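Reader: I am new to protein structures and would like to understand how the words used to describe them are justified. Could you take me through some of the labels and the reasoning behind each?

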Amino acid sequence: MGFLFFGKKKQKTEVTKKYNLGMKKTRTGLLGRLKQVLTGYNSVTEELFDDLTDIFIMADIGVETTLDFIEQLKEDPRVKECQTTAELQPIIVDKMFDLYLKGEIVNNNLNIQKDGLSVFLFVGVNGVGKTTTIAKIAARLKKEGKKVLLAAGDTFRAGAVDQLEEWAKRVNVDIVIKKGATDPSSVIFDALNEAKNKKYDVLLCDTAGRLQNKAGLMAELAKMNKVIEREVPNAPHETLLVIDATTGQNGLSQAEAFMEVTHVTGVILTKLDGTSKGGIVLAIKDKYNLPIKMVGLGEKVEDLEYFDLEDYINSLFDEDEDE
């Protein structure tokens, strides 16, 4: 890969500006420390790499990922040719692209079917913003011309059902609810029939996030998947894990736990604008090979954006926005 983009910045779109604003906490923290370290050395030394290791671990890139990243950085032939530490920064940026992409084309788009119904399952522990995320995606898909239906499948918490119902009204999409229901699969079954009969384009299904009862959650998700696959062949088309970016390494533990109980196809990171440690994006992709599908860059409905690797990495280092 060769994504050196210093000196030829991507044209600033509204989305790019949103990334720059949303990533400011991470940028001022990470870039500030990075600049201090790079300007503190006259040449590229082992001590410099030790300091860089500390910075990236603190940015939530994770210990294993950071150690691999630093090792690959050291082995890059361009590093041996660096006359000054300033020349190291664009190489670091380049290696970040490599870390995420690993020489492959990564599909960050939602898997929406060209014909027929698309079914998405949303998983994640309570409190990560799962219900709000579903509503924001519903609003975005509706704006894109899709006919969207929600399924209130988190029957374990009455509050979750009420919250999703309120959001459905707010973004003006339909919802299937079974008041007093205890079996989430029955809600999903009803929603699937409703979606098929009334020709909806996308069905977004909420689920419970009771990781403390992993066996029960596994059985619940397995039953849901069985019902979905029976009613819509090859569905669900996405199982999206919602993680709160501010939880850092705890978010990685959640990813691991949910991957044990269901087939996760991608991650949605909420509250990326609320953390000074935005490196979790790289950690999740490197450790679990899960693509980041969308990121939360603010509290408004329209602040949930499709993940753009170039905007993300540019926004980590774009000092102009802080001037």
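Author: Let us begin with charged pairs, keeping in mind that this is a predicted model: a search of the whole structure finds 19 salt bridges.

Reader: What makes the contact between the side chains of D76 and K95 a salt bridge?

Author: The nitrogen and the oxygen of this pair are 3.5 Å apart, and a salt bridge requires a Lys or Arg side-chain nitrogen within 4 Å of a carboxyl oxygen of Asp or Glu, so the pair qualifies. The two residues come from distant parts of the chain, 19 residues apart, with D76 in the loop between α4 and α5 and K95 in helix α6. Both D76 and K95 are buried.

Reader: How do you know that K95 and D98 form a salt bridge, and where do these residues lie?

Author: Their N to O distance is 3.9 Å, and because the limit is 4 Å, this pair also counts. K95 and D98 both lie in helix α6, 3 residues apart, which is about one turn of the helix, and both are buried.

Reader: Why is D154 called buried, while R157 is called partly exposed?

Author: D154 has a relative accessibility of 1%, and buried means under 20%, so the label follows. R157 has a relative accessible area of 29%, and it is partly exposed because this value falls between the 20% and 50% cut-offs. The side chains of D154 and R157 meet in a salt bridge of 3.4 Å, N to O. Elsewhere, salt bridges that share partners join D76, R78, D94, K95 and D98 into one network.

Reader: Why is E64 called exposed, and which patch does this residue belong to?

Author: E64 has 56% relative accessibility, and since exposed means over 50%, the word applies. E64 lies in helix α4, which covers residues 63-75, and together with D68, E71 and E75 it forms a negative surface patch. The patch is called negative because Asp and Glu count as negative.

Reader: What makes E305 buried or exposed?

Author: At 7% relative accessibility, E305 is under the 20% cut-off and is therefore buried. E305 lies in strand β8, residues 304-306, and, leaving aside residues up to four places away in sequence, touches V15, K18, Y19, R140, K293, M294, V295 and L297.

Reader: Is I91 buried or exposed, and how do you know?

Author: I91, in helix α6, has a relative accessible area of 5%, so by the cut-off of under 20% this residue is buried.

Terms used. Residues numbered from 1 in each chain as written. Predicted model: local features only at pLDDT ≥ 70, side-chain atom pairs only at ≥ 80, totals over all residues. Heavy atoms only, no water. Patch = residues over 30% accessible without salt bridge, like charges linked within 9 Å, V, L, I, M, F, W, Y side chains within 5 Å. Areas by Shrake-Rupley, 256 points an atom, 1.4 Å probe, with all protein chains shown as cover. Charge placed at Lys NZ, Arg CZ, Asp CG, Glu CD. Helix = DSSP H or I, 4+ residues; strand = E, 2+ residues; numbered from the N terminus. Buried < 20%, exposed > 50% of the residue type's maximum accessible area, 1.4 Å probe, protein only. Contact = heavy atoms within 4.5 Å.
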